[in-house]
Structures are given as C-alpha cells and as structure tokens.
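Colleague: I should like to understand this structure before I use it. Please take me through its parts in turn.

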Amino acid sequence: MALRDIREIGEECLTKKCKEVKEMTDRLRILIGDMIDTMHEAEGVGLAAPQVGILRRIVVIDVSEEGNEPIVLINPEIIEKRGEQTGPEGCLSVPGKTGMVTRAEYVKAKALDIDMNPIEVEGEGLLARAICHELDHLDGHLYTELVEGKLMTNEEFMEYLNANAKEGDSE
C-alpha cells in the first residue's frame, strides 16, 4: 500500500460533507488500505477519507495496543450514545495541537464493512471518542470546534497536565 498526504486545517476538503459510498470498487479498496497504512505511519488512532483529500464516507480506526486491529466503517452513522467523557483530543489534520473535548462515553454505530456488509460497532472510552471524532470529519467538522478552553500546543498541554497533577498531589 501507499502512504497518502494528510490534509491539514485550512484545506477546503476538511470542511465539506462527504458523499455516500454506493459500491465497493478496487480503487476504494486501495484507498482503504492506504488510509490504514497512513494512519499507522502517522501514529494516529483514526483517519477519515477527507483527511487524505477524498470526499467519501469512509473511516478507519485502530485503538488496539499493537495497532493491528483496524476497523473499517463505510457510510457510518451513530445510532446510540450514552454518558460523557471529557479528555484531551488531537487530530492528524491539526498537527501539534491538543484540546479538551467532551464526547459520549459509549457509542454504537452502524456502517458497512469493506465487503459492503452491514455491521454494528460499539465502543467505550477511546473507541467511542475515535468514532465520534472521525464521523465528524465526514460532515466537514474538526474537533477544534468543540474544544473547551483553549487549543494548546502539545508543550502547553503537557505543562497543563503537570500543573494539574501537582494540584492533585497537594490535596
């Protein structure tokens, strides 16, 4: 497979609503393989097609420890959400930045797999966060729209974590 260029904030393709996939083609299979390789190479846990400049409703996610359990979601739709989690979030399309974002703690999504068979994916914690984050990309939204407080550089975020850890130690 080939690595694709990851589009960054400010590029128009990241603000567009993606088109539904009607049928699986060889080109789309290659795209999906390339997306998985690109996500892993960039050390991400998710990647949506518009992040590589393709306006199709395709997402790949891999939150496994070894990075060897990719989930492919075609035309995904969230059908259930429960609870809340607030935590740090970043994005391959917003390099070097982190922000605090509140997402659902539990998510259930329906989609098609790479063979266009219906599937459901359920996730909690990081998987729920990744599903919500990646599906937002398909509608032209970035996590930066949801950041609570300020968007921080990674260095600022580490300082923030260290400061809060020290406050927690004194209690």
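Colleague: How many of the 13 residues of α2 are buried?
Modeller: The model is predicted, with local features needing pLDDT of at least 70 and side-chain atom pairs pLDDT 80 or more, while totals for chains, interfaces and linings use all residues. Residues are numbered from 1 along each chain as its sequence is written, and side-chain values use heavy atoms, without hydrogens and water. Buried means under 20% relative accessible area, exposed over 50% and partly exposed in between (1.4 Å probe, protein chains only). Helix α2 is largely enclosed by the rest of the structure, because its buried residues number eleven.

Colleague: How far does helix α2 reach from its first C-alpha to its last?
Modeller: Helices are DSSP runs of H or I with at least four residues, and strands are runs of E with at least two, numbered from the N terminus. The expected span is 1.5 Å times one less than the number of residues. For α2, residues 126–138, that gives 18 Å, and the model comes close to this at 19 Å.

Colleague: Which residue of β2 is the bridge partner of glycine 46?
Modeller: Two strands pair if DSSP finds at least two bridges between them. Strand β1 (residues 46–48) and β2 pair in the antiparallel sense over three bridges. The partner of glycine 46 in β2 is isoleucine 61.

Colleague: Which residues of β2 point the other way from Ile58 and Val60?
Modeller: In a regular strand, side chains alternate between the two faces of the sheet. In β2 (residues 58–61), all four are buried, and opposite to Ile58 and Val60 point Val59 and Ile61.
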